[in-house]
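Q: Could we take a close look at one part of this model together? I would like to follow the protein surface around the RNA and then see what sits in the neighbourhood.

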Amino acid sequence: MLSMNFKQRVITDLQAHVALSEEQIASLIERPKNAKLGDYAFPVFALAKIEHKNPVVIARDLAEKLSDPAFSQIQAVGPYVNFLIAHDCLVSETLHEVLTQQTAYGTQHIGSGNVPIDMSSPNIAKPMSMGHLRSTMIGNAIANILTKVGYTPIKINYLGDWGTQFGKLIYAYKTWGDEEAVKRDPINTLVKYYVEFHQKAEQDPSLDAQGRAWFKKLESGDKEALYLWRWFRDASLKEFKRIYGELDVHFDSITGESDFNDKMTPIISQLEDKHLLKTSQGAKIVDLGEDQNPALIQKSDGASLYITRDLAAAIYRKQKYDFVMSLYVVGNEQGEHFTQLKAVLKLMGYDWSDQIHHIPFGLITSGGKKLSTRKGNIIMLDKVLKDAVSLAHEQIAVKNPDLENADQVAHDVGVGAVVFHDLKNERLDNFDFDLKEVVRFEGDTGPYVQYTNARAQSILRKAKKPIELTSLALTDDAAFSVAKDLAEFPEIIKKSAERFEPSVIAKFALNLAKKFNKYYAKVKILSDDDQLNARLALVSATSLVLTESLRLLGVHAPQRM
RNA sequence: GGCCCUGUAGCUCAGCAGGAUAGAGCGACUGUCUCCUAAACAGUAGGUCAUCAGUUCGAUUCUGAUCAGGGUCACCA
């Protein structure tokens with residue numbers, strides 16, 4: 001019985017002849033860039049150092065000693081020993097594995113325990129932007145990936161529903177707002193007031209004081225302030241839920257900063273008991289040492305701040321979930337907030353502060369400029385999604401006019417394009433928003449992967465026969481390169497889980513799709529010969545892994561498109 | 001100025017727990033639908049991997065400086 005893991009076989013083969021530990025060998029083995037050279041390579045430079053011999057000679061001698069039926073060739077090329085996997089062997093084993101495990105393929109155990117993920121967290125009375133999409137979809141993907149490797153993620157939407165901004169908004173509404181307009185289109189109207197407030201505040205700085213005063217009232221339970229705040233909050237939430245529906249993202253917990261309002265006093269007295277608070281310019285701070293800015297805990301007027309509420313929330317989460325990790329999918333520009341949060345928690349004596357991880361992501365700009373709600377410079381997620389879906393509709397009308405449930409498919413493809421675009425690059429990369437780029441359907445895009453899967457599904461429909469799990473061997477290069485990618489899937493999941501990096505999976509899916517499309521173009525799959533079953537197995541396994549990859553990213557995989 | 005991110009093809013980005021000729025996509029140019037969905041495939045063109053040092057047998061990958069871009073630095077979140 002051949003092992004599924006060819007790399008492990010290389011290690012075992014080498015161990016018998018080489019004076020290095022298993023770990024050392026494992027870390028030296030690499031994948032040659034040029035697939036013709038081999039599937040695994042062992043560079044012998046490390047041995048050359050120990051044995052003081054010419055690496056080329058060492059490689060040659062070593063290659064002669066090795067033999068293993070799983071490899072069609074073990075050959076020395078310069079200072080490398082190259083292992084070429086027997087094509088039929090890898091293809092049949094991989095297909096067998098994937099088709100046996102089905103969607104469980106790639107599932108593994110890396111860890112376990114609760115992992116709250118702070119994600120999305122839009123601010124009420126403001127429209128969701130492309131930045132919220134990042135937080136939402138990266139968090140959602142990380143949750144899916146962590147589940148696949150054994151953890152229990154808890155998706156928390158921690159609404160920005162508290163803070164001076166609501167004082168400003170209440171003031172703006174009371175001063176020049178119109179009830180009917182707010183009722184008609186709550187978010188857009190409210191955000192308009194908010195933008196106007198900041199415009200006017202530039203002329204008349206006394207407005208800021210008014211805003212702060214109203215927030216102070218809100219925090220001390222003023223009836224009118226609370227009434228307006230609740231109204232704004234409920235209206236916003238309704239709109240957010242609609243968008244989460246479009247994205248098919250669901251939360252385990254929706255809380256807001258306001259829920260921690262009553263925990264502010266305990267936090268501050270706790271800090272006081274531990275003698276961590278200092279008064280500086282009338283405000284209360286925690287001194288974090290010379291090389292760090294102090295954390296501002298309480299404003300001079302006594303009102304709370306972002307970090308105060310986050311401290312309370314962090315402690316609450318530890319108590320409630322007893323987490324093994326606590327993640328915050330929040331923009332990179334808030335990095336300092338999280339270093340402060342962790343530092344304060346540590347000073348408070350909570351050693352679990354090390355379990356808190358900020359998962360930062362890059363900034364989205366527009367025309368090279370930072371987006372700012374205050375300045376009215378925003379890209380509304382809702383509009384981007386609508387544009388994407390209607391473009392998908394146009395594509396369908398051209399490419400596949402007879403498609404059934406075109407509405408559903410247009411939705412899956414349009415939203416899929418936007419989401420995939422957001423996830424395919426490394427989290428930390430900044431990008432300038434370009435609608436044309438975001439809703440592209442060709443090239444390295446989500447729809448390309450979806451299309452590839454739809455093609456595979458189409459073949460399986462036409463084949464009209466069940467796939468047998470015997471005689472799955474294929475030898476041609478195109479099939480082999482598809483199978484090699486399929487075999488890599490578990491490692492890809494592991495890598496993306498360890499790095500909290502969905503883009504690893506997105507890139508994998510693109511590569512697999514590319515290889516499959518090559519195969520598709522080169523090989524007539526549905527010809528009736530003795531390898532038909534094996535080819536269909538390859539198609540089925542590919543579709544399975546593509547669908548699973550997209551699922552992990554939070555993207556739907558339509559059967560036809 | 002301090003701290004954090006980033007600098008690879010015209011554009012958007014891969015690669016990088018050091019290794020064999022640096023890869024995609026877009027854009028440009030050329031081909032391929034009587035053949036399983038051409039949202040695809042094949043090909044051409046395009047690079048002193050920001051610069052300079054250091055560590056090493058070997059650096060796009062590690063370290064340090066420099067330059068450039070972005071973020072952030074007390075009453076916003």
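Q: Which atom of RNA strand B lies 3.0 Å from an N or O atom in the side chain of Thr164?

A: Happy to walk through it with you, bearing in mind that this is a predicted model. The atom is a phosphate oxygen of RNA strand B, and the distance of 3.0 Å runs from that oxygen to an N or O atom in the Thr164 side chain.

Two further polar contacts reach the bases. For Asn82 the side chain is again involved: one of its N or O atoms is 3.1 Å from a base nitrogen of RNA strand B. Ser300 uses its backbone, where an N or O atom lies 2.8 Å from a base oxygen of the RNA. The elements that give two or more residues to this surface are strand 3 (80–85), helix 7, strand 8 (283–286), helix 13 (306–321), helix 15 (381–399), helix 18 (446–463) and helix 20. The largest share, 7 residues, comes from helix 18.

Stepping back to the whole surface, 65 residues surround RNA strand B, and Tyr80, Lys299, Lys399, Tyr451 and Tyr520 come nearest. Seen from the RNA, sugar and phosphate make up 65% of the strand B atoms that come within 4 Å of the protein. By class, the protein side of this surface has 26 nonpolar, 17 polar and 22 charged residues.

Strand 8 is a good one to follow away from the RNA. Strand 7 (residues 277–280) is joined to strand 8 by 4 bridges, and the two run antiparallel. Leu277 stands opposite Val286 of strand 8. These two strands form a hairpin with 2 residues between them, and Gln281, in the turn, has a positive phi of about 50°. Strand 8 also pairs with strand 9 (residues 295–298), again antiparallel, this time through 3 bridges. There, Lys284 has Gln298 of strand 9 as its bridge partner.

Helix 7 leads somewhere else. Along with supplying residues to the surface near RNA strand B, helix 7 (164–176) gives at least two residues to the lining of the second largest cavity, as does helix 9 (186–203). That cavity has a volume of about 40 Å³. Its lining consists of Ile124, Ala125, Lys126, Gln165, Phe166, Leu169, Leu190 and Tyr194. Helix 7 provides the largest share, 3 residues. By class, the lining holds 6 nonpolar residues, 1 polar and 1 charged.

Helix 20 takes us to an open space instead. Besides contributing to the surface near the RNA, helix 20 (503–522) gives two or more residues to the lining of the second largest pocket, together with helix 1 (6–15), helix 5 (87–101) and helix 19 (477–499). About 960 Å³ of space lies in this pocket. Of its 34 lining residues, Arg31, Ala487, Glu488, Glu491 and Ile492 lie nearest the centre. Helix 19 gives the most to the lining, with 10 residues. The classes here are 13 nonpolar, 6 polar and 15 charged.

The domains help to place this pocket. The domain assignment of chain A gives domain 1 (6–85) and domain 2 (381–553), and their C-alpha centres lie 34 Å apart. Both domains give residues to the lining of the second largest pocket, so the pocket lies between them.

For completeness, the structure holds 4 cavities of 30 Å³ or more. The largest of these has about 70 Å³ of space. Glu246, Leu247, Asp248, His411, Asp412, Val415, Gly416, Gly554, Val555 and His556 form its lining. Helix 11 (223–247) and helix 16 (406–424) are the elements that give two or more residues to it, and helix 16 provides the largest share, 4 residues. In this lining there are 3 nonpolar, 4 polar and 3 charged residues.

One last stop is an open sheet of 3 strands, with the order 13-12-14 and mixed pairing. Strand 13 (369–370) and strand 14 (431–432) are at the edges with a single partner strand each, so one side of each is left without a neighbour in the sheet. Strand 12 (residues 364–366) pairs with strand 13 in the antiparallel sense over 2 bridges, and Ser366 stands opposite Lys369 of strand 13.

Definitions and conventions: Residues numbered from 1 in each chain as written. Chains lettered and ligands numbered in written order. Predicted model: local features only at pLDDT ≥ 70, side-chain atom pairs only at ≥ 80, totals over all residues. Heavy atoms only, no water. 1 Å grid on protein atoms, 1.4 Å probe; cavity = no way out; pocket = protein on both sides within 12 Å on 5 of 7 lines; lining within 4 Å. Points joined across faces, edges and corners; volume = space filled by probe spheres on them. Nonpolar A, V, L, I, M, F, W, Y, C, P; charged D, E, K, R; others polar. Domains from an automatic or database assignment. Near = heavy atom within 4 Å. Polar contact = N/O pair within 3.5 Å; in protein donor to acceptor, adjacent residues only side chain to side chain. Pairing = 2+ DSSP bridges.
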